[in-house]
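Student: I am new to this structure. Please take me closely through one part of it, and explain the terms as you go.

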Amino acid sequence: MTVSKQVLAILRFLCILVRLMTDIREKLLEATAQVFAKLGYLGCTTRRVAQEAGVNEVTLFRHFGSKETLIREALAHVERTTVAALPT
């Protein structure tokens, strides 16, 4: 395999990896919003959110670092998607 083909293969792999990470992040944000809406702050545990999203709890912390950041970003995500869906 030539260098340019290797670089191309690496770039393709990185694109797939970024897409997967984005999908996981979206799943976590949506799961957090659902769990938070049903159970409130205290009931919205990171373990419950990870289970709802179908990921490991460690993955959740790699993406967001803390429960507070996760909930803050999930609420912002809901606001962005709700506003985007409103007719103009």
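What follows is one request and one connected answer.

Student: Which residues of helix α2 are buried?

Tutor: A word on the model comes before the helix. This is a predicted model, where local features need pLDDT of at least 70, side-chain atom pairs count only at pLDDT 80 or more, and totals for chains, interfaces and linings use all residues. Residues are numbered from 1 along each chain as its sequence is written, and side-chain values use heavy atoms, with hydrogens and water left out.

Now the setting. The protein has four helices and zero strands. From the N terminus on, the order is α-α-α-α. Helices (H or I, at least four residues) and strands (E, at least two) are DSSP runs, numbered from the N terminus.

Helix α2 spans residues 46-53. Its buried residues are Thr-46, Val-49, Ala-50 and Ala-53. Buried means under 20% relative accessible area, exposed means over 50%, and partly exposed lies in between (1.4 Å probe, protein chains only). The buried residues of α2 cover an arc of only 100 degrees around the axis, so they sit on the same side of α2. That arc is taken from the directions from the helix axis to the C-beta atoms. Turned away from the buried side is a face with the exposed residues Arg-47 and Gln-51. Just after α2 comes Gly-54, with a positive phi of about 75 degrees.

Compare helix α3, residues 57-64. Asn-56 caps its N-terminal end. There, a side-chain oxygen of Asn-56 lies 2.8 Å from the backbone nitrogen of Val-58. Buried in α3 are Thr-59, Leu-60 and Phe-64. Seen down the axis, these buried residues fall within an arc of 110 degrees, so they line one face of α3. Gly-65 follows α3, and its phi is positive, near 85 degrees.

Next, helix α4, residues 67-85. His-77 has its place there. Is His-77 buried or exposed? His-77 counts as buried, because its relative accessibility is 9%. Leaving out residues up to four places away in sequence, His-77 touches Glu-26, Leu-29 and Glu-30. A contact means heavy atoms within 4.5 Å.

Another residue to look at is Glu-73. Side chains of opposite charge can pair when their charged atoms come close. Glu-73 forms a salt bridge with Arg-25, and the closest N and O atoms are 2.3 Å apart. This pair links distant parts of the chain: Glu-73 is in helix α4 and Arg-25 in helix α1, 48 residues apart. A salt bridge is a side-chain nitrogen of Lys or Arg within 4 Å of a carboxyl oxygen of Asp or Glu. The structure holds one salt bridge. Glu-73 is partly exposed, at a relative accessible area of 27%. Arg-25 is also partly exposed, at 28%.

Helix α1 covers residues 3-43. Leu-11 has its place in it. Leu-11 counts as partly exposed because its relative accessibility is 46%. With Val-7 and Leu-8, Leu-11 forms a nonpolar patch on the surface, about 250 Å² of accessible area together.

Finally, the whole protein. Of its 88 residues, 25% count as buried. Among contacts with a separation of 6 or more, 53% join residues 24 or more positions apart.

Terms used:
Patch = residues over 30% accessible without salt bridge, like charges linked within 9 Å, V, L, I, M, F, W, Y side chains within 5 Å. Areas by Shrake-Rupley, 256 points an atom, 1.4 Å probe, with all protein chains shown as cover. Polar contact = N/O pair within 3.5 Å; in protein donor to acceptor, adjacent residues only side chain to side chain.
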